[in-house]
Amino acid sequence: MTEEIIIAGFGGQGVLSMGKIMAYSGVMQDMEVSWMPSYGPEMRGGTANVTVIISSERISSPIIKHFDTGIILNQQSLDKFEDSIKPGGVLIYDSNGITRHPERKDITIYRVDAAEEAGKMNSPKVFNMIVLGGFLKVKPIIRMENVVKGLKKSLPERYHNLIPMNETALQRGMEIIVPVA
Amino acid sequence: MEKELRLMKGNEAVAEAAIRTGADGYFGYPITPQSEILEYLMEADPYHTTGMVVLQAESEVAAINMVYGGAACGKKVMTTSSSPGISLKQEGITYIAGAELPCLIVNVVRGGPGLGTIQPAQSDYFQATKGGGHGDYHLIVLAPASVQEMADFVELGFDLAFKYRNPVMMLSDGAIGQMMEKVWLSPQKERSKTVPAWATTGKPATRDRIIITSLDLDPNGQERFNQKLVAKYNEIREKEVRYEEFQCEDAEYILVAYGTSARVCMKSIQLARAQGIKVGLLRPITLFPFPTKRLNELAGKVKMMVSVEMSAGQMVEDVMLSVNGKVPVYHFGRMGGIVTEPEEVVDFLKSKI
C-alpha cells in the first residue's frame with residue numbers, strides 16, 4: 001500500500017501540521033512515511049503545501065508530480081494541483097472561498113466544509129483536523145487510535161489538553177464530508 | 001538501551017544525533033535551508049545535560065576557526081552551513097586538513113553560484129570532493145539520502161574523522177534537510193573523557209611540546225607531508241568506499257545518483273521497469289572515496305550509464321573516469337533549486353536508448 005498525498009492551502013491554515021499529524025499517525029501504524037514541505041520565501045497568507053507519502057514499503061522519491069489524493073484548501077491550490085491528481089484518484093476540497101469548483105470527471109471529488117464547521121464549533125484552529133477527519137473517512141488507511149497517538153506525538157505536551165477537542169473535530173469531519181456528483 | 005523512534009526533519013536529526021553521539025562542541029551561523037540545526041541545538045541546550053557547547057559564532061569564518069581550535073584540543077567538534085556559508089569556511093577547512101585534524105562539516109546544499117537560491121541543489125559536488133580550499137587535500141565525503149542517514153552519518157562521520165585524523169563532510173541538500181521521515185535514534189552516549197595523544201592540552205614536564213600546524217617552510221618537509229597525505233587518502237580509497245545497489249542484478253542501464261537524486265531515481269526505476277526498461281541504480285554513499293571499482297565492473301555488464309544530479313554535471317566526471325570509456329555516460333538533472341522529477345529521468349533515459 002502506498003498513498004501519495006498533496007495538501008495545499010494558505011499559510012496559517014495548518015496545512016503543514018495536518019501533514020505532520022498524518023505522517024506521525026502513519027509512523028504509529030508502523031508504516032514508512034515522508035513529509036516534504038514546499039519551503040521557500042513564504043509568509044502567512046501566502047500558499048503552503050506539503051507532500052505526504054504513507055507506504056508499507058520503502059519510500060522512493062519524497063518529491064513527486066502525481067498524487068493519489070489532493071487535499072485542497074484554497075483557489076490558488078485548486079488551480080495549481082487539480083491536474084496533478086492521478087486518474088481514478090481523490091480530490092477533497094473545502095468550498096469556502098472557492099469560485100471555480102473542480103471540474104475533473106476522471107477522479108472522485110469530495111467536499112468537506114471544514115471552515116464553516118470550525119466556525120460552528122467556535123474553534124477555527126481545529127479546521128485542519130476536520131479536514132483530516134474527512135480524509136480518513138474516504139481513505140481509512142490509518143486507524144483512529146493511531147491518529148490519536150500521532151496527535152500526541154505531534155503536539156507539545158502543554159497542548160495535550162486539546163486532544164479531546166481535536167478528536168471531536170476529526171469525528172465531525174468524518175460526518176460532514178460529502179461526495180460531489 | 002533501545003533506539004528511539006521519532007519523526008524528524010533531516011536538519012533536526014543531525015542536531016539530535018550530534019548530542020546523542022557525545023559531540024563536544026557545535027559552532028554555527030544560521031543560513032537557509034539548514035538553520036533548524038542551530039535552532040534545535042539552542043533549544044535542546046545540551047550544555048546542561050551532556051556538557052556539549054553550542055555556540056552561534058559571529059560569522060561562518062569564525063565558526064570554522066572555532067572548530068579548528070576545538071579539534072586541535074582533541075575534541076569532537078562540528079559545524080554546519082549551506083553553500084554560500086561553506087564557501088566562506090574553505091580557508092579554515094584546508095587548514096584543518098593540512099593540520100590533520102578531525103571534525104565534521106555538514107553542507108545542506110542550496111542552488112548557486114553566488115547567493116543563488118534557498119532551494120535544494122547538488123552543485124557543490126566539485127567543492128566537496130575535489131578540494132574546495134587550496135592545496136592537495138581531500139575530505140571524506142558522506143552523502144545521506146534519508147533522514148535516517150542524516151542522523152547515522154553524524155556518528156559515522158566522527159568515527160572516520162578520528163580514525164584518519166581528517167575532516168569529514170556530510171554533503172546533504174535542502175530537500176533532505178527540510179523533509180521529515182522516520183528516524184531511529186541511538187541512545188545517548190557519554191562524551192569522551194579522554195583526548196587522543198596528539199591533542200594540544202598543555203605541556204607537562206614529562207613530554208615534548210605538541211605542535212599542530214599546517215606550515216612547513218622546508219619544501220622537503222612539506223613534500224614528505226604531502227606524501228603522507230597521499231598514502232592516507234589511498235588507504236581511505238582502499239577501505240572506506242560505501243555504496244548501495246538498487247535493482248542492478250539484471251540491469252541494462254545504470255543510473256548513478258546520490259542524496260535526493262538517488263531517491264528520485266528509485267521512483268524513475270519503478271516507472272521505467274513498468275515500461276519494460278531494465279534499469280538499476282548505483283548510489284554512492286561516499287563521494288570521496290568514490291565507488292570507482294564497482295562502477296567499472298558494472299560498466300562491463302550494461303549498455304549505458306546516466307549520472308543524475310541536481311547540477312550542470314559534476315559527479316558525471318567521476319563516473320566517466322570510473323567507466324573509462326567502456327560504455328557511454330550521460331548527465332541529466334535540473335538546476336537552480338528545482339528537484340528533478342522521476343518522469344523526466346525516464347524520458348531522458350528513453351531518449352538515449
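**Entry: strands 6 and 12 of chain B**

I started with strand 6 (residues 140-142) of chain B, which pairs with strand 12 of chain B in the antiparallel sense over two bridges. I looked for the partner of B:Val141 and found B:Phe288 in strand 12. A reminder to myself: this is a predicted model.

Then I zoomed out to the sheet around that pair. I get an open sheet of seven strands in chain B, with the order 3-2-4-5-7-6-12 and mixed pairing. Its edges are strand 3 (53-56) and strand 12 (286-288), each of which pairs on one side only. From one strand to the next I read an average twist of 20 degrees.

What lies across this part of chain B? I found helix 5 (residues 90-98) lying across strand 5 (103-109) and strand 7 (167-173). I noted that helix 5 runs at about 140 degrees to strand 7 of chain B.

**Entry: odd spots in the backbone**

I went back to B:Phe288, as something else turned up there. A cis peptide bond joins B:Phe288 to B:Pro289, with omega at about 0 degrees. I place B:Pro289 in the loop between strand 12 and helix 11 of chain B.

I found another cis bond between B:Gly112 and B:Pro113, with an omega of about 5 degrees. B:Pro113 sits in the loop between strand 5 and helix 6 (125-129) of chain B.

I also checked phi at B:Arg165. It is positive, about 45 degrees, although B:Arg165 is not a glycine. The loop that holds B:Arg165 runs between helix 7 (147-164) and strand 7 of chain B.

**Entry: the five-stranded sheet of chain B**

Next I traced an open sheet of five strands in chain B. I wrote down the order 9-11-10-13-14, and the pairing is mixed. Strand 9 (243-246) and strand 14 (329-332) are the edge strands, each pairing on one side only. Ignoring direction, I get an average turn of 20 degrees between neighbouring strands.

At one end of that order, I looked at strand 13 (residues 304-308) and strand 14 of chain B. They pair in the parallel sense over four bridges. I find B:Met305 opposite B:Val329 of strand 14.

Which strands does helix 12 of chain B touch? I list strand 10 (253-256), strand 11 (279-284), strand 13 and strand 14 of chain B, as the helix packs on the sheet. Its direction makes about 165 degrees with that of strand 14.

**Entry: helix 11 meets helix 12**

I stayed with helix 12 and looked at its helical partner. The axes of helix 11 (residues 292-299) and helix 12 (residues 315-323) of chain B come within 8 Å and cross at roughly 65 degrees. I noted the crossing of helix 11 and helix 12 of chain B as right-handed.

Which residues make the contact? From helix 11 of chain B I wrote down B:Thr292, B:Leu295, B:Asn296 and B:Ala299. Helix 12 of chain B brings B:Val319, B:Ser322 and B:Val323. By class, I count four nonpolar, three polar and no charged residues in this contact.

**Entry: where chain B meets chain A**

I moved on to the two chains together. I see 27 residues of chain B in contact with 26 residues of chain A. The chains bury about 2,300 Å² between them, with 61% of it on carbon and sulfur atoms. On the chain B side, B:Leu7, B:Met180 and B:Lys182 lose the most area to chain A, together 29% of what that side buries.

How many salt bridges run between chain B and chain A? I found four. I also looked up the salt bridge between the side chains of B:Lys267 and A:Glu4, at 2.6 Å from N to O.

Over all chains, the structure holds 39 salt bridges. I picked out the one between B:Glu4 and B:Arg20, whose closest N and O atoms are 2.6 Å apart. B:Glu4 is in strand 1 (residues 4-9) and B:Arg20 in helix 1 (residues 10-20) of chain B, so this pair ties together parts that are 16 residues apart in sequence.

**Entry: a few strands of chain A**

Last, I looked at pairing in chain A. Strand 5 (residues 85-93) and strand 6 (residues 108-111) of chain A pair in the parallel sense over four bridges. There I matched A:Val90 with A:Thr108 of strand 6. Strand 6 of chain A also pairs with strand 7 (residues 178-179) of chain A, in the antiparallel sense over two bridges. For A:Arg111, the bridge partner I noted in strand 7 of chain A is A:Val178.

Terms used:
Residues are numbered from 1 along each chain as its sequence is written. Chains are lettered from A and ligands numbered from 1 in the order in which they are written. This is a predicted model: local features need pLDDT of at least 70, side-chain atom pairs count only at pLDDT 80 or more; totals for chains, interfaces and linings use all residues. Side-chain values use heavy atoms; hydrogens and water are left out. Axes are lines fitted to C-alpha atoms, for helices over the stretch in contact, and angles run from 0 to 180 degrees between N-to-C directions. A crossing is left-handed if the near helix is turned anticlockwise from the far one by less than a right angle, and right-handed if clockwise. Contact means heavy atoms within 4.5 Å. Ala, Val, Leu, Ile, Met, Phe, Trp, Tyr, Cys and Pro count as nonpolar, Asp, Glu, Lys and Arg as charged, and the others, Gly among them, as polar. Two strands pair if DSSP finds at least two bridges between them. Buried area is the accessible area (1.4 Å probe) that two parts lose on being put together, summed over both.
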